[in-house]
Amino acid sequence: MYLYIAGAGGLGRETLDVALACGVGVRAFLDDQRAGVSVRGVPVVVPAEAPEGAHYVVGIADPRARRRLEQLLDGRGLEPFTLIHPRAVIAPETTLGIGCLVLSGAYVSSSVVLGAHTQVQYNATIGHDAVLGDRVTVLPGANVSGSVTLEDDVTVGSNAVVLQGRRVGRGAFIGAGAVVTRDVPPGAVMIGSPARPLQR
C-alpha cells in the first residue's frame, strides 16, 4: 500500500517521518502550490492526480484547511488513513477516528476518543476519558487533562494546558502556553494563565 500526504510543508514532512517509521510507503505529496517539485525525494502533485481508492492523510495543522481537503479528497473517492508513530503511546479502550495523525512522543491515555482527522503532535498528552471532536489539533507539548471535551476544529497551542473536565467550544483556539481553567465558548481565542479571551 502507498499513501498520499496532503500538504508538503513542515507538518507534511513530519507526517512523512511517521509513515517511514511505520514502514508505509509514500507515493506523493498533494499540494497545489508546490506541485512539480519534490520534497525529500517524494514528488509533489496536485490532488487531482491521486487515483480513486488511494489512501491519504492530511499533514496540515489548520483545521479549516483539513476540512476543505477532507471534502475534496473524499469526494474524489480517496480513503482516509490513520497514521500513528511507533513511539507514540495509545492506551487501551481508546477510539481513533479515520484519518488521525499521532506523532512521536505523544501519549494518549485510557478511554480517549479521537475524532476523524484529529492530530496529536509530538510530546503532547491527552488524559483519560477525554473526547476530541473532528479535526482537533493538539500542538507540540500541549497537555489536555482527563475528562476534557474539545469540540470540532479546536486548536490547542504548543505547551498549553486544558485542566480536568473543561469543555472547549467548536473552533476555539487556545494560544501557546495558555492554561484553561474554565469552559471556553465556541470560536474564542484564549491566551495567558489563567486563559482569558483575546480582545480584538
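**Close-up views of a predicted model**

**View 1. The loop that holds proline 194.** Proline 194 is found in the loop between β24 (189-191) and β25, and this view, like those that follow, is taken from a predicted model. The peptide bond that leads from serine 193 into proline 194 is cis, with an omega near -5°. The strand that follows this loop, β25 (196-197), is one of the edge strands of an open sheet and pairs on one side only.

**View 2. The eight-stranded sheet.** Eight strands make up an open sheet of mixed pairing, and their order across the sheet is β7-β10-β13-β16-β19-β22-β24-β25. At the edges stand β7 (83-84) and β25 (196-197), each of which pairs on one side only. Within this order β16 is followed by β19, and the two strands, residues 137-138 and residues 155-156, run parallel and are joined by two bridges. In this pairing valine 138 stands opposite valine 156 in β19.

**View 3. The six-stranded sheet.** A further open sheet is built from six strands in the order β8-β11-β14-β17-β20-β23, and here the pairing is parallel. Its edge strands are β8 (89-90) and β23 (179-180), each pairing on one side only. Strand β11, which covers residues 107-108, pairs with strand β14, residues 125-126, in the parallel sense over two bridges, and valine 108 is found opposite isoleucine 126 in β14.

**View 4. Strands β1, β5 and β6 with helix α2.** Strand β1 (residues 2-6) pairs with strand β5 (residues 55-58) in the parallel sense over four bridges, and in this pairing isoleucine 5 stands opposite valine 57 in β5. Strand β5 also pairs in the parallel sense with strand β6 (residues 79-80), over two bridges, where tyrosine 56 stands opposite proline 80 in β6. Between β5 and β6 the chain passes through helix α2 (residues 63-75), and the β-α-β crossover formed in this way is right-handed.

**View 5. Arginine 27 over tyrosine 2.** The charged end of arginine 27 sits over the ring of tyrosine 2, at 4.0 Å from the centre of that ring. Tyrosine 2 belongs to strand β1, which spans residues 2-6. As for pairs between aromatic rings, a search of the whole structure finds zero of them.

**View 6. The loop that holds arginine 40.** Arginine 40 lies in the loop between β3 (38-39) and β4 (42-45). Its phi is near 50°, which is a positive value in a residue other than glycine.

**View 7. The largest pocket.** The largest pocket has a volume of about 200 Å³, and its lining consists of Ala61, Asp62, Pro63, Arg64, Asp153, Thr155, Gly171, Ala172, Phe173, Gly187, Ala188 and Val189. By residue class, this lining divides into six nonpolar, three polar and three charged residues. Among the lining residues are Pro63 and Arg64, which fall within helix α2 (residues 63-75), and Thr155, which falls within strand β19 (residues 155-156).

**View 8. The second largest pocket.** The second largest pocket holds about 170 Å³ of space. Its lining is made by Gly7, Ala8, Gly9, Leu30, Asp31, Asp32, Gln33, Pro47, Ile60 and Leu69, and these residues divide into five nonpolar, three polar and two charged. One of them, Leu69, falls within helix α2 (residues 63-75).

Conventions:
Residues numbered from 1 in each chain as written. Predicted model: local features only at pLDDT ≥ 70, side-chain atom pairs only at ≥ 80, totals over all residues. Heavy atoms only, no water. Pairing = 2+ DSSP bridges. Right-handed = clockwise from strand over helix to strand, strands pointing away. 1 Å grid on protein atoms, 1.4 Å probe; cavity = no way out; pocket = protein on both sides within 12 Å on 5 of 7 lines; lining within 4 Å. Points joined across faces, edges and corners; volume = space filled by probe spheres on them. Nonpolar A, V, L, I, M, F, W, Y, C, P; charged D, E, K, R; others polar. Phe/Tyr/Trp six-rings, centres within 6.5 Å; stacked < 30°, edge-to-face > 60°. Lys NZ or Arg CZ within 6 Å of the ring centre and 35° of its normal.
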